Structure formats: structure tokens, C-alpha cells
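Thank you for making time this morning. I would like to walk through one structure with you, taking a few helix contacts in turn and then a cavity.

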Amino acid sequence: MKINNVVVIGSGTMGSGIAAQLCNANIPVTLLDLKTEISQKAKERIEKSRPPLLIDKSKIDGINVGNITDNFNLVAEADWIVEAVVERIDIKHDIYEKIFKKRKKDSIVSSNTSSIPISILSEKLSEEDKKDFCITHFFNPVRYMDLLEIVKNEKSDLEKIKHLKNFCEVDLGKGAIICNDTPGFLGNRIGVYAMQVAMTEAFKMKLSIEEADAIFGRPMGIPKTGVFGLYDLIGIDLMADVLKSFIKELPESDEFQEVAKEIPLVKKLIETGYTGRKGKGGFYRMNKVDNKKILEAINLETGEYHPTQKINIKSEKVDLKALINRDDRYGEYAWSVISKIINYASSLVPGITDEFNDIDEAMRLGFNWSKGPFEMLEEIGVANFFDKFTNYEGNKFLENLSKTKDEKFHGVRQKYTDIETLGKVKKTATSIDGNSSASIYRFNNFNIVEFTTKANALDYDSMDALKKATDKPLIIINESMQFSAGVNLTYTMNFADKADYKSIEKFVKYFQDTCKELKYSKYPVISAPSGLTLGGGFEVLVQSNFVASHTNIVVGLVETMVGLVPAGGGCKEMLWRWSQTDEAKNDPDYAPLKVFDIIGYGKTATSPVEAEPLKYLLPENKKIMSRNSLLNVSRSIIDENRDFKPPAEVSFNLPGKPLKEKMIKLLEKLYNNRVILDHGMVVGTELANVLSGGDTSIDKVLSEDNLYKLELDSFMRLIETKETQDRIKHTLSTGKPLVN
Ligand code: NAD
């Protein structure tokens, strides 16, 4: 079975997301809805979506639209028909009847239902048709959420399911997990339970929502939206519907029932239009006081709002053992929540899946947790866990584990896929070195460096790990969401606050030396980015010899936004790339002006396709839909380059002063139009200085080291200004740029 043509029925949130992802994979797809206007509107929504659902907007017409009355004959041509209409069984049954009358024999049909069991969905199908029917449960937004749950029925044609799974993994880039036909499958069953536990325990223990989110968040390896922030993001009303469906579907004895009960405050929020971010606000809301926007949080006891309070739980790293052993309410809360999640998840094995490991992976792929419940248990330690947790009667998994006390019970990761992923390799690779910012693994004949800081922000230690790992072919890759959000600004500001500029200079110099070593080391260096690849993260990438990029990247040099210039070789490399164009051969100003525009505005690209015209990525860089395959593709690059020779050093002829003056004229125009303000002028002038070559002339040859020096000098002059420090502080506290 080959999937070359797909019809998606229902063009709402999920249908349009699925169609967009098929379009990303260059698979012709038709979106059908009740009326063509509805699917046409969906197409417009796809085009305008932020973050974008399409990798390449110019491909939008790969999505064909129509309606289920006039265009239903298209179903006859489809290899795969996906039903994504409203969650109503009567409507779904109706559609299946029509589909199975029309579809071609070797096609496969699936539903995107999030809560209706396949036994009910397929109850009216013939035994023959049941063979070709399954559930494909995608998560929203489809391009960015990696989990896909596939549910088969007892009659399913397993060969076909295997093909579909493989297609979804490789072509659509999903982590496709086959699970049993139980309410909420894996991700939502555990994920929503976890949210409910985190919420009900916060009520019980009288924690503020800021406190609960500060713990049920990064310290537990969970996204920083925590529980109340996530509730607001999903929609408090939608969550209430999800809970109602669980209450209906699950037996009364299921522990879920206990935490799914309606909470009066939540009911009141929904009734008064406080449904979350899409409504007037939710647990958090943005309020305007004296014309100033203030983020407020609700008091769970009184229902009143107050300005949010920053909670510092003084733990930068994910350290579950330390967290649950804290001798305070936070430790108590963390233990209570984590132990309940572990207990619940393990009590459902093998009912919801034969492989407990799939639950961990579902939480990683569908909820962006860095560890699932069983890995949490492993990290806490089996003996430690049972020292504290005694009430597990009837939980077969825990009863058994309490006897074997096997600290290494967890075993292989990512059993759901045949792909040799980083997660699997890490378990068998030798950990050869590492520090608090990065780990180095040796696997076969190459090294792997994985950054391990928050958003993989880079510091001295990250560079140290890279430097140490260049004694073999090196793959820079990681499992967490971001490749790297750039240099660690907090780390830099800690020095700036003490006016210790020498240390900053030393760090930037070390950053440059490391990147140079990556570029010219004897062995090939491959960067395999996904997620944010910004600033210093991009500089690591651009000075690697090869790139295998996931299609979901956000890439760019954004230093000017925080009042700096790229100083790890970013200016230099971009100048080089642009100087290789035909236009640059005839016009020495061409490349510097292009780069001035790109870096000056801090332009970013949200996919490799957008990155190429900016030359953040090159046509020869590999672009991969399947994140799980990044390691394999990187390995094949090593194999293909056994006779690798490092590149020759490059040199530059730059115009110097006349070009700098030209650039300053451009800045003055922006300044007069108030696009930039005083400090924007200062930053722009420093950038102009670097990109024009500083004190040089077109006949002089500048080396890469000369360029590094120009970058470093400008960087140092800028970091010492109060205005740049103001920008950095503002960005660190708000996540937004300061225009000054
Ligand atoms: P939605 O309300 O956004 O869209 C449903 C679409 O179906 C609408 O455009 C509607 O016009 C269309 N429709 C209704 N009856 C139809 C018919 N007879 N023929 C053709 N089109 C018809 O819904 P959604 O959020 O996209 O959900 C779709 C399915 O996906 C549901 O089964 C839902 O449970 C499931 N799901 C939703 C999410 C989510 O986050 N929204 C996540 C996973 C799964």
C-alpha cells in the first residue's frame, strides 16, 4: 500500500492541521467539509496560522478543497481517508457508510477521534471493512506535536496498519504509537490525569497557582506552562468537556474519577467567560492598570485576582530526588503529585498498552514532558520510591517491582519505533564526559554532544564539551525541544552585574575558538537541530561541516534584539555565504549589505525552506520531517564522508569606511522614521563596523581571525553599555525585546 493521495473529511482545527502536514510532506490532499466555503476558510486559516502549520507557504495549493456533496467522488481515488469531523458518533457513522461505499478496495480509513472507542466507531462496519479501519489520533497543532496514537480493531489488517504507521513516522514525522482501545488512549489518559492531580493537590494543600506551576513545571521536566497555565492555553471549557467524557467512559472505581470532579471555582470561571487565553482570561489574566498591562493570577480560595508573584524554588535543574525530598510544602506537593502519577500510570499496564515504556514516550511526544512516569520512577530510584510509597495493593506492576527491586527495570527506550533514535542510542552509548551544561557520549566510531541546560542556552561548559568531543566525528543533537536558544544571557549578565567584563571577553573568545575548532577539526562535525536554533546556537550550526535539520526549526541571528552583535562567528559566516553569490562577485557592497539587513532586523526563519533564501541554511543541508531520524541521517553523513578533509580557511576583502558610511545612512533613515531609537543607532553602527570590515579597504585581505576580532570588539563595547544591559534584563524578565 502506497499513500500518494489523501482525503481529509472535516476541515476544523484537526482536519486542517492534518491536511497541512500532508502538504508539508508533498502528498496531494483534499479537504472536504459540509460546504466548500468552510474548507476554503480552513485553507486561509492554514496560510495565516502562527506558528505556521506550513513549512513552505508557497505550497498551499497542494491542498485541494471541496464539499462532501459535490466532491465526494474524490474519496474513490484516495489511498487514505481521514475522518476529522465533530466528535458525534451519529455524524461519524453516517460518514463511514458513505466512505466505505465509495472508497477503493486497497485504501485505509481512519478517524481522528479523541474519545470514542474504536469498538463503537466501527460497530456498523462489515467484517471486511473493519480490516481497513483504525483510529489515527493526532495532537494539536499537528505540525508541532509529535504524538500520533494509532488504535486498531480486532479485525485490522496488520500489514496495512504497519504501512500507515511507517508513513506517519517517516513522511509525516510523527512518533506513532499503537495503543489499545481504552478511553483517552495513552497521552490524554495519563496527561489529563496528571493535570487533574496537580490541580486538586494544589487546592488541597492551599498552594497558589504560581507556586503549583513553578513546581509542576520545569523542576519536574514538564513545560513551564505548568498546570494552570496549560489549562488556560487549552481552554478551561474544553478541559471540562474532556473530563465529562472521561467520567462517562471510565468505570466508577477508576482513580481518575476522584480527580475529575467538578470544582466550583472552575465552573464559575467558565460561566463568566473566563475560559482561558481565548476568553477574558482564566487562572491567569492580563489586566490593564493605569494603561499598563499587568499579568494577574487568581487566588484559588477567594477567586480574586492579584498581580502574579514570581516563585523562586531555587532549583535550576531537573532533580526529582532533591525535589521530592525537600523539607517544605513544595517537596510535599511534588511527591504527592509524582507518586500519584506513577501509581496511576503503572496501574494501567498492560490494560492500555503492553509496553509501559510507550506511556513515557507518549508523555514526551504529546505533552512535551522530558521524562514519563516510569522514567521518573527510575530517576527517583526503586528503593527510594518504595521507602516512601507503601499503598500499592492491587497494582500488579508496583507489587512486582517491590519484590524484584530492580533499579534498572526500565530498559530500552522508544520501543514503539524501529528507528535507531538518540533516545535508544543514549541508553547503550558510553558516557565519556560531561558537565552541568552538556553530555558527551561515545557511540561506535563517533561522539555525540547533547546540551542539557534550560532551552539549551550556551555557556562556557557547553563549549568545553564541544571542544573535548572533536577527537572523533561529532554529532551535535538533543532530545529536548530546542537545539539552542543561544548564549545564556543570565550567565552573561551575572558577570556584567559585577562589571566583570574580562570574564565575558574570555567566554566569547572561548566560544569563537570552539566554533573554529568545530569547523576545522580533523573529523566531520554535524549539527542536527530542531526547535530553536538562535544566536549562538546558530553559530554552532553554521560552523559545523554538515547539517541535518528537522523541518521544525526556528533559526536566525537575533543578537541585535538584545543590543549585541553576533560574536561567535555569525557575522563572519553569513558574510562568507553571501559573498559566494553571483551578485557579490560584481559588487563588493552586496554581501555586507544583505547581511546587515538580515542581522540588523534579527530575521528568523520558521523552517529550512524559509531559512534558505536568508542563507541560514544551504541547499545541500539535509531537511528531515522525522525528528527520530535525525541521528540516523547524521550517521549516514559520517559514513559518506570517511575521507573527510576539513575545509580551507577563507578570507575576505571588505570595503571598510565608505560602506560603513552607507550603512549608517540607512540607519539614519530608520532613526528619522523612529523605526529605531538611540541605542538602535549604536547597535546598528557596531554591526556596520563589523560587516564593512572595520578599518580596512577593499584591497586588504582579512582573515577569519580578523573578523572574529571585529565581532568580539563590537560585542564588548556593546555589553558594557547600560542600554544593552537594559535590553537583556528586559528580555530575560519578559521574553520580549526592548526598543530603546
Ligand atoms: P472542529 O469543530 O474544529 O471541526 C470539525 C469540522 O467538521 C467542522 O469544520 C465542521 O464543519 C465539520 N463537519 C461537521 N459535520 C460534518 C460532516 N457531516 N461532513 C463533513 N464535515 C463535517 O473539530 P476538531 O477540533 O477539528 O475535531 C475533529 C475531531 O478530532 C474530533 O473527533 C475531535 O474529538 C478530534 N480531536 C480534536 C483535537 C483538538 O485539539 N481539537 C485533538 C485531537 C482529536
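**Helix contacts and one cavity**

Let me begin with helix α30, which covers residues 678–692, and helix α31, which covers residues 704–719; these two pack with their axes 9 Å apart and at an angle of about 165°. Angles over 145 degrees count as roughly antiparallel, and that is why α30 is described as roughly antiparallel to α31. I should say at once that we are looking at a predicted model, so please keep that in mind throughout.

The crossing of α30 past α31 is right-handed. On the α30 side the contact is formed by H679, V682, V683, E686, N689 and V690, and these meet L707, L710, E711, S714, R717 and L718 of α31. Sorted by class, that contact holds six nonpolar residues, three polar ones and three charged ones.

The next pair is helix α7, residues 187–204, with helix α10, residues 236–249, whose axes come within 12 Å and cross at roughly 115°; that makes α7 roughly perpendicular to α10. Here the crossing is left-handed. From α7, the residues N188, R189, V192, M195 and Q196 meet M239, V242, L243 and F246 in α10, and by class this contact has six nonpolar, two polar and one charged residues.

The third pair is helix α14, residues 329–347, and helix α16, residues 373–380, with axes that come within 9 Å and cross at roughly 125°, which makes α14 oblique to α16. This crossing, too, is left-handed. The contact is built from I338, I341, I342, A345 and S346 of α14, together with P373, F374, M376, L377 and I380 of α16. What classes of residue does the contact of α14 with α16 have? There are nine nonpolar residues and one polar residue, with no charged residues.

Let me turn, finally, from helices to enclosed space. How many cavities of 30 Å³ or more does the count come to? The count gives one, and the largest cavity holds about 40 Å³ of space. Its lining draws on residues from widely numbered positions, and I will read them out in order: Q21, I55, R143, D146, L172, G173, K174, H550, T551, N552 and M625 line the largest cavity. By class, that lining has three nonpolar, five polar and three charged residues.

Notes: Residues numbered from 1 in each chain as written. Predicted model: local features only at pLDDT ≥ 70, side-chain atom pairs only at ≥ 80, totals over all residues. Heavy atoms only, no water. Axes fitted to C-alpha atoms, helices over the stretch in contact; angles between N-to-C directions. Helix = DSSP H or I, 4+ residues; strand = E, 2+ residues; numbered from the N terminus. Parallel < 35°, antiparallel > 145°, perpendicular 65-115°, else oblique. Left-handed = near helix turned anticlockwise from the far one by under 90°. Contact = heavy atoms within 4.5 Å. Nonpolar A, V, L, I, M, F, W, Y, C, P; charged D, E, K, R; others polar. 1 Å grid on protein atoms, 1.4 Å probe; cavity = no way out; pocket = protein on both sides within 12 Å on 5 of 7 lines; lining within 4 Å. Points joined across faces, edges and corners; volume = space filled by probe spheres on them.
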